[in-house]
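Me: Got a structure I'd like to talk through with you. Let's take it one question at a time.

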Amino acid sequence: MRRLLAASFAGLLLASATVPAAPGPAPAMSGGAPKVFLTREEALELAFPDCERKRLTTYLTKAQTKRVAELAKVPFDRSVVFAYEARRKGELVGTAYFDTHKVRTHREILMIVVGPAARIRRIEVLAFAEPVDYLPRGAWYGQFTGRGLDDELELKRAIKGVTGATLTARATTAAARRLLAVHQVRGELALEKKRRAARGGAAPAPRPRRRAPGGEVR
Amino acid sequence: MITLTSLLVACAPAAELVEIERRVAVMGTNLEVRLAAGERMAGLRASERALRALEETERRLSTWLADSELARLNAAALGVPHALSEALAADLGAAAAWSRATGGAFDPTVGSLVAAWDLRGPGRVPSPAELRGALAACGLDGLRLDGGDATRLREGLALEEGGFGKGIGLDAALATLADCDVRNVLLDLGGQIALAAWSEPVPLAVADPRERGRPCLELSLRSGSVATSGNGERGLDAGGRPIGHLLDPRTGRPAPDFGSLTVVARDAIAADCLSTGLFVLGPEAALAFALERDGIEVLVLEPAGGGLRARATPGLRARLRPLIEAVTLEFVAAATSTTPSPQADSLER
């Protein structure tokens, strides 16, 4: 089962998340099987219905990777990031990012949708391989919506911790910072590209395509 | 709001149904959606409709958003009628009705008090002068609701959706799901639960007010909504002094803490408003309130000695089961009620 789950994560949640119905009431939600709530495609379809969606790949230089880490104030070492832009009638509706991270010993996949104003519009748990007891309940995830990348987006500042799910709280806050930093750096690169085009300068030669490393921002 | 937890992972849907479960943030809180449908994508689309209904409610009511309709009303000029959308007029009408029913113990106009105690921040104790000013700004008599218009009549009057927004959102979400071919619907919005289309009762865990991570009672329902209030959930601390987040609009101060109070009602708006209002009224008045009304049931949990005293209205008799030995469960007599207390099934929609 564990291997199957790992395969599901590695396969970017391509498998259907259908869970067979249990006969009769199941035990309380403590521990238990890992949860896959939504596939990536399902999450995008639900977040952006009737939108034109485009997967965009950004190759980061070492300096850009370092800038993401500095902005995020959390470790970041990716050289390739993926963003899913959704437009309706040409108008940008939002940009989705997926972050796979370890909570304690197992992984969580989050989708974070960033609105045109660079603030978090939706945060949804796609998969959670730790016991569901580690998923923060109550109002916790709601603290992220509407937030941008600033010093307040930190545990013990605008984001309150949660008893019993400290590791998930840390991992989620780090993921939010990481993805917003990626979003900001992508925006800076796009702006730079526009400026260069306006000056009539040639675009830099594309970096050789590299296979995306596993994990993190995908 | 103290979190209620669904004890259920799956509750015997027909074999051909596909279960959907989602965890997503909305209205500044967590939403857990569970439902069953004949086909996965249909179920997911239905869950998204429920989520969109909540997002629409948030855009209308959230005073955390400067451009929400309610925030614009809060900023409207004094004495000038302000046109409301049909939805907001209905929301405010419903909140005002529950405010009147509780004699003002639930009050949607406590925005000035929330600000004075800094309940949206780390919390603080206001000076007596600040408290007097904030209290003077509260009260529904400072707002004239006239069909599709609202007129602010008092400087500083601020509507605060914290006590009714979730209920309105949950009712809207269930209403939109009524058109979908789904069953076994459970929506958990930051601890307030709404249920629909279950053929069997769903066991829900009621938290121990002394240790909110620990379930102490099981409450079984097939439909309706459940909301619990207690001061254990949000530990605000004003300079080392703990302060409760449930304010008594009549005194301007946090309501005395006695444990927790759970309201079961047919509609989420009723459960939401009353869980706050009846906590403010206190255990005895809360139980008496529910005994006098159809479709409202109340459970009061109070630490007593080393254990927990649970008192409930008779309509919950067949629905409650202690989960820990320390709970002493008793049902209050319906003899004082002017209208017979509802039987168990009268809670069902």
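Me: How far does helix 4 of chain A reach from its first C-alpha to its last?

Reply: Keep in mind that this is a predicted model. Helix 4 of chain A covers residues 166-199, which is 34 residues. At 1.5 Å a residue you'd expect 50 Å, and the computed reach is close to that: 49 Å.

Me: And which residue follows helix 4 of chain A, with a positive phi?

Reply: The helix itself runs over residues 166-199. Right after it comes a residue with phi near 80°. That residue is A:Gly200.

Me: What pattern does chain A follow along the sequence?

Reply: There are four helices and seven strands to place in chain A. Reading along the sequence, you get α-β-α-β-α-β-β-β-β-α-β.

Me: What share of chain A is buried?

Reply: Count a residue as buried when 20 or more other C-beta atoms lie within 10 Å of its own. Chain A has 218 residues, and the buried share of them is 39%.

Me: Over in chain B, which strands stand at the edges of the open sheet in the order 4-6-5?

Reply: Three strands make up this sheet, with antiparallel pairing. An edge strand here has a single partner strand, so one side of it is left without a neighbour in the sheet. That describes strand 4 (82-83) and strand 5 (143-146) of chain B.

Me: Which residue is the bridge partner of B:Ala83?

Reply: Strand 4 of chain B pairs with strand 6 (residues 149-152) of chain B over two bridges, in the antiparallel sense. The partner sits in strand 6 of chain B, and it's B:Asp149.

Key
Residues are numbered from 1 along each chain as its sequence is written. Chains are lettered from A and ligands numbered from 1 in the order in which they are written. This is a predicted model: local features need pLDDT of at least 70, side-chain atom pairs count only at pLDDT 80 or more; totals for chains, interfaces and linings use all residues. A residue is buried if 20 or more other C-beta atoms lie within 10 Å of its own, exposed if 12 or fewer, and partly exposed in between; C-beta atoms are placed from the backbone. Two strands pair if DSSP finds at least two bridges between them. The expected span of a helix is 1.5 Å times one less than its number of residues.
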